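Reader: I keep meeting terms like "salt bridge" and "buried" and never know who decides. Could we go through one structure and check each label?

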Amino acid sequence: MKRTLILAALVVALFVLSLAAGKAWVAPADWFGTDPVGRIVLELRLPRAVLGLLLGASLGLSGAVLQGFLRNPLADPAVLGVSSTAALGAVAAILAGAGATGGFVAAMAGAMGAMALLAALAWRAAGAVTLVLAGTVLASLAGALTALLIALAPNPYAIAEVIDWLTGALTDRGWPDVARAAPAMLVGGALLLATRRALDALALGEEAARSLGVSLARTQGLVIAGAGLVVGAGVAATGVIGFVGLIVPHLLRPLVGARPGALLLPSALGGAALLLAADSLCRLAPGAGEVRLGIVTALIGAPFFLALLWRGAGREWR
C-alpha cells in the first residue's frame, strides 16, 4: 500500500509538471486565468495531460495483464503486434474517409482480433519464445499491410497525416480526443482489473486455476475485450506508442512482488508516470519543434527489451 501511495504521488507530481512544462513554462498561478496563457493550459495542456495519464495507465495495466495471462515476461501490446494491428485498422478507416469515430472502431476491432489470435495461440504454444515470435510476425504483417495501404492511397495529404500520426504523439490533442478515448480506456481498464484473482490462480497452472473455480474462457474474454478497448482507443487517439507495457511491470515487479494480481494497480500508476514524464521530455527537448512521443518511448524501450533478451527472460516462464 505504501509503495502504491508513493506511485500515486509521483503521478500527481508529473501531472503538475506536464501542465507547467513546455517551450514556455507556465506558473501554477497563471493556469486558471482568463488571459491567453490560462486558455493554453485549459484547452491544450490539460487535455493533453489527461490523455497522457489515461494512456500511460492503460498501457502499463495491459502489459501487466498480458504478462500474467500469457505467462510470458516479454508480453506487451507493441511487442506482440496488438498495437500494430490496431494501427492497421485505424489507417484503413482514415484512408477510407470513415472519420474519427470509424477510426476508433476499426482500431479497437484490429486490437481485439490480434488479442484473440494470440490468446488462442497461447494455449498451444510450446514456450514463451514461440508466442513472442508469433507476435513479431503479426506486427511485421500489420506493418507491411499498413505500408501497402499508404502506398496505394490516392490522397497525398491523407498520406502525410497518417505517416505523422503513426509516430505517436500527444501533440495538439484536445478535449474531443479525450472524450472519444476515455470511455473505452476506462471500461477496458475495469475489465482488465477484473482479472486480478484469475491471474493469481493461473500463476499456479491451468489445472490449479480450474480447481479454484476460475473460468478460463471468461478470463480470456475479459483480457481480449479489455486489452482491445484500451489499446485500440489509445492507438486511435495518439498513434503507436510502444514499450510502456513491457518496461513498467519489470521495473515494479522487484518492488511489489511477482504475484500478477498485486502488480496490476502499481503498473497502471507506473505507466501513467512514465508516459507523463516522457511527454514532458518531448516538450523540453531543444529545437523549435517537439520530439515525437513514440520515438522517445522506443528509444527507452528497445534497449530495455534487448537487455531482457540478453538475460534470457524469454526462457523464464516456459
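Author: Sure. Let's start with helices: they are DSSP runs (H or I, at least four residues; strands are E, at least two), numbered from the N terminus. Asp177 and Arg180 both sit in helix α7, residues 175-193, three residues apart, about one turn of the helix. Before going on: this is a predicted model, where local features need pLDDT of at least 70 and side-chain atom pairs count only at pLDDT 80 or more, while totals for chains, interfaces and linings use all residues. Residues are numbered from 1 along each chain as its sequence is written, and side-chain values use heavy atoms, with hydrogens and water left out.

Reader: What makes Asp177 and Arg180 a salt bridge?

Author: The term needs a side-chain nitrogen of Lys or Arg within 4 Å of a carboxyl oxygen of Asp or Glu. For Asp177 and Arg180 the closest N and O atoms are 3.0 Å apart, so the pair qualifies as a salt bridge. Side chains of opposite charge can pair when their charged atoms come close.

Reader: How many salt bridges does that rule give?

Author: The count comes to nine salt bridges.

Reader: Why is Asp177 called buried?

Author: Buried means under 20% relative accessible area, exposed means over 50%, and partly exposed is in between (1.4 Å probe, protein chains only). Asp177 has 16%, so Asp177 counts as buried. Its partner Arg180 has 32%, so Arg180 is partly exposed.

Reader: Which residues are linked in a network of salt bridges?

Author: Arg48, Asp279, Arg283 and Glu290. One of the pairs is Glu290 with Arg48, whose closest N and O atoms are 2.8 Å apart. That pair links distant parts of the chain: Glu290 is in the loop between α12 (260-284) and α13 (293-310), Arg48 is in helix α2 (residues 36-69), and they are 242 residues apart. Another pair is Arg283 with Asp279, at 3.4 Å. These two are four residues apart in helix α12, about one helical turn.

Reader: And which label does each one get, buried or partly exposed?

Author: Glu290 has a relative accessible area of 31%, so Glu290 is partly exposed. Arg48 has 7%, so Arg48 is buried. Arg283 at 4% is buried, and Asp279 at 1% is buried too.

Reader: Why are α7 and α10 called roughly antiparallel?

Author: Two packed helices are described by the angle between their axes and the distance between the axes. Axes are lines fitted to C-alpha atoms, for helices over the stretch in contact, and angles run from 0 to 180 degrees between N-to-C directions. α7 and helix α10 (residues 216-238) pack at about 155°, with their axes 8 Å apart. That makes α7 roughly antiparallel to α10, because angles over 145 degrees count that way (under 35 is roughly parallel, 65 to 115 roughly perpendicular, the rest oblique).

Reader: How do you know that α2 and α7 are roughly parallel?

Author: Their axes come within 10 Å and cross at roughly 25°. That is under 35 degrees, so α2 and α7 are roughly parallel to each other.

Reader: What makes Leu152 exposed?

Author: Leu152, found in helix α5 (residues 128-152), has 63% relative accessibility, so Leu152 counts as exposed. For contrast, take Pro303 in helix α13: at 48%, Pro303 is partly exposed.
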